[in-house]
Amino acid sequence: MSKSILELKDVKTIVNKGTANETTILKGINLKINEGDFITIVGTNGAGKSTLFNVIGGNLHADSGQILHNGKDITSSTEEQRTTFLARVFQDPKLGTAPRMTVAENMLLATKRGEKRHLFLRKLKQNMERFTKLAATMNNGLENRMTTATGALSGGQRQALSFLMATLKRPDILLLDEHTAALDPHTSLNLLHATNERINQDHLTALMITHHLEDAITYGNRLIVLKDGQIKADITGDEKRQLNTDKLYSYFED
Ligand SMILES: Nc1ncnc2c1ncn2[C@@H]1O[C@H](COP(=O)(O)OP(=O)(O)OP(=O)(O)O)[C@@H](O)[C@H]1O
């Protein structure tokens, strides 16, 4: 049996507590994420997908229930504490990179995720070849811009850099929050391919939110449908391999 990396037990989140607008967003999520799982997550707007990532990332705390990392209770640990084992890539290419620092400097910082970080010129030189090779795996010319300030990159290059940074120091859990949604179709597909390759090669454990049902079916070994704050379907194995968009769409309807 696969080892469980992260487990959510009956996790509920409530917003605007004690007011007329009090709403329960996640309504008792039970989810066991196993080592090596690549889980795609779909659901209608407002289903709770980003809230689920916020609760896993520690940006938002669960109001009840438990979150375990390698069996250890992390329910009340902070976002900062969780960066030691967790990395997240957002939809907005501006998030996740420091705009005035160069591509190589950003990559060097990323090797120290969750630690006290200092930039040493010597370390930059030592790592330049490795960073350039890694940048080249993104197939978008990032390797030719290693000494360019990140703010001057194209959106696609910047997002590819955010992805590389999230995976440079191997995370136990990688959260991809519609990380290709702001890119044009060609650039988006390119990043999706690079993402898939890196996750498979490095046997990363990843969760990816997407609104593209075809992508949710194509990528990953497991697919979760969130509906109204609950897990409506959790599909793996042959069922996932045989899934088509019509069948998947039916989970959204009833
Ligand atoms: N801090 C908050 N205060 C009030 N309501 C919130 C808060 N965070 C989320 N919500 C509400 O909770 C619901 C779930 O939001 P969430 O962003 O998790 O959905 P989502 O599935 O990621 O949607 P989308 O596909 O549109 O990104 C929405 O109705 C949203 O308006």
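## Close-up views of a predicted model

**Figure 1. Strands β1 and β4 run side by side in opposite directions.** Strand β1 (residues 4-15) and strand β4 (residues 64-69) are antiparallel and joined by five bridges. To find your place in the pair, look for L6, which stands opposite H69 in β4. Keep in mind throughout that this is a predicted model.

**Figure 2. Zooming out a little, β1 and β4 turn out to belong to an open sheet of four strands.** The order across the sheet is β2-β1-β4-β5, with antiparallel pairing. The edge places go to β2 (23-34) and β5 (72-73). Each of those two has a single partner strand, so one side of each is left without a neighbour in the sheet.

**Figure 3. The whole chain, for orientation.** Here we count nine helices and ten strands. The C-alpha atoms fill a box of roughly 55 × 40 × 40 Å along the principal axes. A compact globule of 254 residues would have a radius of gyration near 18 Å, and the chain comes in at 19 Å, which agrees. Buried residues account for 38% of the 254. If you look at contacts with a separation of 6 or more, 68% of them link residues 24 or more positions apart.

**Figure 4. The shell around the ligand.** Which residues surround the ligand? They are V15, N16, I25, G43, N45, G46, A47, G48, K49, S50 and T51. Helix α1 (residues 49-57) gives the most to this shell, with three residues. Sorted by character, the shell has seven polar residues, three nonpolar ones and one charged one.

**Figure 5. Strand β3 is mostly covered.** Five of the five residues in β3 (residues 38-42) are buried. Follow the side chains along the strand: F38, T40 and V42 point one way, while I39 and I41 point the other way, and all are buried.

**Figure 6. β3 pairs with β8 and with β9.** With β8, strand β3 pairs in the parallel sense over four bridges. I39 is a handy marker here, standing opposite L207 in β8. The pairing of β3 with β9 is also parallel and has four bridges. For that pair, look for V42, which stands opposite V225 in β9.

**Figure 7. The hairpin of β9 and β10.** Strand β9 (residues 222-227) and strand β10 (residues 230-236) run antiparallel, with six bridges between them. One bridge partner to pick out is I235 in β10, which goes with L223. Two residues sit between the strands of the hairpin, and D228 takes a positive phi near 50 degrees.

**Figure 8. Two more residues with a positive phi, each in a loop.** Most residues other than glycine have a negative phi, so a positive one is worth a look. What is the phi of E178? For E178 phi is positive, near 50 degrees, in a residue other than glycine. E178 is in the loop between β7 (173-177) and α6 (185-201). H203 also isn't a glycine, and its phi is positive and near 50 degrees. You'll find H203 in the loop between α6 and β8 (206-209). Are these two loop residues buried or exposed? E178 has 19 C-beta neighbours inside 10 Å, so it counts as partly exposed. H203 has 10 other C-beta atoms within 10 Å, so it is exposed.

**Figure 9. Helix α5, enclosed by the rest of the structure.** Helix α5 (residues 155-168) has 14 residues and reaches 20 Å from its first C-alpha to its last. That is close to the 20 Å expected at 1.5 Å a residue. Why is α5 described as largely enclosed by the rest of the structure? Because 13 of its 14 residues are buried.

**Figure 10. G141, in the loop leading to α5.** G141 lies in the loop between α4 (121-136) and α5. With 14 other C-beta atoms within 10 Å, G141 is partly exposed. Now find R158: G141 and R158 are 17 residues apart in sequence, and their C-alpha atoms are 11 Å apart in space.

Definitions and conventions
Residues numbered from 1 in each chain as written. Predicted model: local features only at pLDDT ≥ 70, side-chain atom pairs only at ≥ 80, totals over all residues. Rg over C-alpha atoms; globule rule 2.2 N^0.38 Å. Buried ≥ 20, exposed ≤ 12 C-beta atoms within 10 Å, placed from the backbone. Contact = placed C-beta atoms within 7 Å. Near = placed C-beta within 6 Å. Nonpolar A, V, L, I, M, F, W, Y, C, P; charged D, E, K, R; others polar. Expected span 1.5 Å × (residues − 1). Pairing = 2+ DSSP bridges.
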